[in-house]
Amino acid sequence: MSAVNSHSAGAWLSIDLDAICDNWRLLRALVAGGNCAAVVKADAYGLGSRPVAEALYRVGCRHFFVAHLNEGIELRPGLAADAAIYVMHGVPPGAEPECLAHGLVPVLNSCQQIAAWQALANARGETLAAVVQVDSGMARLGLSDVELQHLSRDASAFHGIKVSYVMSHLACADDPLHPANRAQLARFTSARRLWPMAPATLANSSGIFLGDDFHFDLARPGAALYGIAPVPGQPNPMKAVIRLQAKVIQTRQVLAGEGVGYSFSWIAPKDSRIATLSVGYADGYLRSLSGRGSAWLGAHELPLVGRVSMDTITVDVSTLPEHAVQPGTLLDLIAPQHPVDSVAERAGTIGYEILTALGTRYHRKYLQASKPHST
Ligand SMILES: *Cc1c(COP(=O)(O)O)cnc(C)c1O
């Protein structure tokens, strides 16, 4: 699966497909109707859309959401025909035949996208499936109230289109007490009257935890599948999925008063031993972790000192005996005990950004009991 060899690689990324499958099962069990999709956009949040979707298919997932048409085209050959792949951005103008040819279902977000999909259906004399997205208040994607009124007066607007789901997306689902959640639910419920027979989908990961009212016929979690806490500030019920480890390139002794790294943003307060690791912001180890991140050897925390460079970071290993940290030693940067959310917090961002920033230079290892992975 990985193009990068374990010995030659400077850093390793393990992705636990079994944990992703367990997380999907846990979410499915929470959803009132028991119907749960998987959002695998942005290469499954950086973890690999093909291996992730194929693993989820094997445990029963049959609904997959991507953002771009090209993501759907890439994913399609990995999944059997009974798996639906929905393209959330809809189809770029003119690419409708391509979308259909690849067996993808567009999410239609505007009257223009509806008209273009309908034109293709009519030209072929067929009925084509689509999801229709309504804007219930986020003002990002989906039919506006004005467009909905316009469509409600046009009896033929959906002639030739089979509405698989009516969809919307929540802006504030990670804040269970935010009044926007109920307001969006009300607007979504009212908009659905235009398609009284069509099933509906509203909840992302956090939305599932807002309660049964938000579940409708299909939930659409992404982040929680990948181990991100669905309700910030609450205990995380999801299993950790990734472990990121960087190799030590070399260690050195620095004297009190010597600067380390760009701009000498860290000056050794006393004689110290510094290890240089083979990971940097080009690998998605964010520069905002300068002076704030840590590496770990087991439970032993090793503070990052100085700036994050493009290809390296430096950590203070003075608190460990010399033999414990040697060239080739792997240190944890993200691990089940040091989860992606807490790394994100130190970086001043969210777990989503940490995952989707993960770079291409890692040796990637997919863990799966049923299908042990080669390197
Ligand atoms: C990304 C996305 C999701 C998944 O959201 P998570 O917060 O990652 O669970 C669901 N629906 C839409 C429309 C999205 O853009």
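Ala, Val, Leu, Ile, Met, Phe, Trp, Tyr, Cys and Pro count here as nonpolar, Asp, Glu, Lys and Arg as charged, and the others, Gly among them, as polar. The model is predicted, so that local features need pLDDT of at least 70 and side-chain atom pairs count only at pLDDT 80 or more, while totals for chains, interfaces and linings use all residues. Residues are numbered from 1 along each chain as its sequence is written, and side-chain values use heavy atoms, with hydrogens and water left out.

**View A. The shell around the ligand.** By class, this shell holds 7 nonpolar, 4 polar and 3 charged residues. Of the 14 residues around the ligand (a heavy atom within 4 Å of it), Lys41, Tyr45, Ser205, Ala223 and Tyr352 come nearest.

**View B. Polar contacts of the ligand.** Such a contact is a pair of N or O atoms within 3.5 Å. An oxygen atom of the ligand lies 2.7 Å from a polar side-chain atom of Lys41, and an N or O atom in the side chain of Tyr45 is 2.5 Å from an oxygen atom of the ligand. In the side chain of His169, an N or O atom is 3.3 Å from a nitrogen atom of the ligand.

**View C. The largest cavity.** On a 1 Å grid over the protein atoms alone, a cavity is a set of points where a 1.4 Å probe fits but cannot get out, and lining residues have an atom within 4 Å of a point. The largest cavity, with a volume of about 40 Å³, is lined by residues including Tyr285, Trp296 and Arg346.

Methods: A polar contact is a pair of N or O atoms within 3.5 Å; within protein, one must be able to donate a hydrogen and the other to accept it, and residues adjacent in sequence count only if both atoms are side-chain atoms. On a 1 Å grid over the protein atoms alone, a cavity is a set of points where a 1.4 Å probe fits but cannot get out, and a pocket is an open set with protein on both sides within 12 Å along at least five of seven lines; lining residues have an atom within 4 Å of a point. Grid points are joined across faces, edges and corners, and a volume is the space filled by probe spheres set on the points.
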